[in-house]
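Me: Could you take a close look at one part of this structure for me, the nonpolar core? I'd like to hear what builds it and how it relates to the surroundings of the ligand.

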Amino acid sequence: MALAVAPWAGAGPLRLTPLGALWLILASAFLLALLLHTAAPGLSHPVLHDLIRYGKTRGAGRRPAFLEVFDVPKRWFCHFYIISVVWNGFLLLCLIQALFLGTPFPVWLQELLRKIGASQVQGNELALSAFLVLVFMWLHSIRRLIECLFISVFSKSVIHLLHYCFGICYYIIIGLTVLSQVPIDGKNVYVGKSLLMQARWFHILGMLMYIWSSIHQHRCHVILANMRKDDSGKVIHSNYRVPFGDWFEYVSGPNYFAELMIYVSLAVTFGFYNFTWWLVVSYVLFSQALSAVLSHKFYLSKFDSYPKHRKAYVPFLF
Ligand SMILES: NC(=O)c1ccc[n+]([C@@H]2O[C@H](COP(=O)([O-])OP(=O)(O)OC[C@H]3O[C@@H](n4cnc5c(N)ncnc54)[C@H](OP(=O)(O)O)[C@@H]3O)[C@@H](O)[C@H]2O)c1
């Protein structure tokens, strides 16, 4: 008698790998935090408060003194991108060598990928998609690193130590998630032209969406930074002001919305049907929604003249 197998546990497109399960748990945790915050905004514990709020939304309210031990400067965001540029650059190099020279991934990396669910991936039709997604992810990290080091003006705001550790792990796991989508046996050698034969319309669409969202996110980060600089570019304060221009005309957290769009563009580049990547997108959807909602509330509570038509996260909707 054939046993019924849950669609998400088998080898089909809905297979839930250990890595997929991790993204599902993270997405659920942020969805829960978002729902709790929306349904019962008054219900908050200082520890939970510190874990979900950072930067301007952390507030200057009274907190038990011991919690300050866990505060880490928010300007350390740049560490996430340094790790990402180096680690994802290394993974990209491994992938390029595997695709173009047939060099297998290092044994430890193969074992790691097998453990997180890559071993059951069959076929090689995802090679070009995974290659492009890893390139886009790497370029995204380089841009964010440049923004953190040379454009953004950080105040003395802080993030929780756990949040910092999570950020470091995040950029390591995201690269592994991409790499786990290609076969790891090193038998698939492509030489330029044959890899290009995999090119489809969704690769172009994904790339255009990625460029469009990245441009808007960059503009929003520049707008935020310029509010703390004079015309000559000199930093003159670290206060919070009401931002105007670009996607700020529609939402309070356009950089969070652009982040979501960037991850959606990568789902498009994967050909729309990559289940594991959609789980990553759901994590980004809910984590960035929480930040956008908190940002929106911060602006409404601090500025009486805050534009009434502005939504929190998604233009015209929410
Ligand atoms: N993929 C992920 O899981 C993930 C997670 C977190 C963040 N991100 C991305 O990382 C980027 C930065 O996130 P974030 O939460 O740091 O964004 P943010 O709160 O908007 O801060 C960005 C920069 O602007 C400053 N700033 C914020 N609001 C300001 C205002 N009203 N007036 C003047 N300056 C202001 C901040 O200074 P302060 O030092 O005072 O805060 C910081 O330097 C976003 O694009 C986000 O999407 C991604």
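Reply: Happily! In this predicted model, the largest nonpolar core numbers 63 residues, and Val-133, Leu-134, Phe-257 and Tyr-283 are those with the most contacts inside it. At least two core residues come from each of α1 (18-39), α3 (77-101), α5 (127-151), α6 (161-179), α8, α9 and α10. Of these helices, α10 gives the largest share, 13 residues. The core also reaches across domain bounds: domain 1 (69-199) and domain 2 (200-217 + 233-318) each contribute at least three residues to it. As a general background, nonpolar side chains in soluble globular proteins tend to be buried together.

Phe-257 is a good place to zoom in. Leaving aside residues up to four places away in sequence, Phe-257 touches Trp-247, Val-251, Ala-292, Tyr-313 and Val-314.

Now to the ligand. There are 23 residues around it, with Gly-55, Ser-155, Leu-224, Asn-255 and Glu-259 coming nearest. The elements giving two or more residues to this shell are α8 (201-226), α9 (254-269) and α10 (275-302). Here, too, α10 provides the largest share, with four residues of the shell. By character, the shell splits into nine nonpolar, nine polar and five charged residues. Domain 1 (69-199) and domain 2 (200-217 + 233-318) each supply at least three residues around the ligand.

If you follow one helix through the model, I'd pick α10: it supplies the largest share of the core and also the largest share of the shell around the ligand.

Note on methods:
Residues numbered from 1 in each chain as written. Predicted model: local features only at pLDDT ≥ 70, side-chain atom pairs only at ≥ 80, totals over all residues. Near = placed C-beta within 6 Å. Nonpolar A, V, L, I, M, F, W, Y, C, P; charged D, E, K, R; others polar. Domains from an automatic or database assignment. Core = buried A, V, L, I, M, F, W, Y, C linked by C-beta atoms within 7 Å. Buried ≥ 20, exposed ≤ 12 C-beta atoms within 10 Å, placed from the backbone. Contact = placed C-beta atoms within 7 Å.
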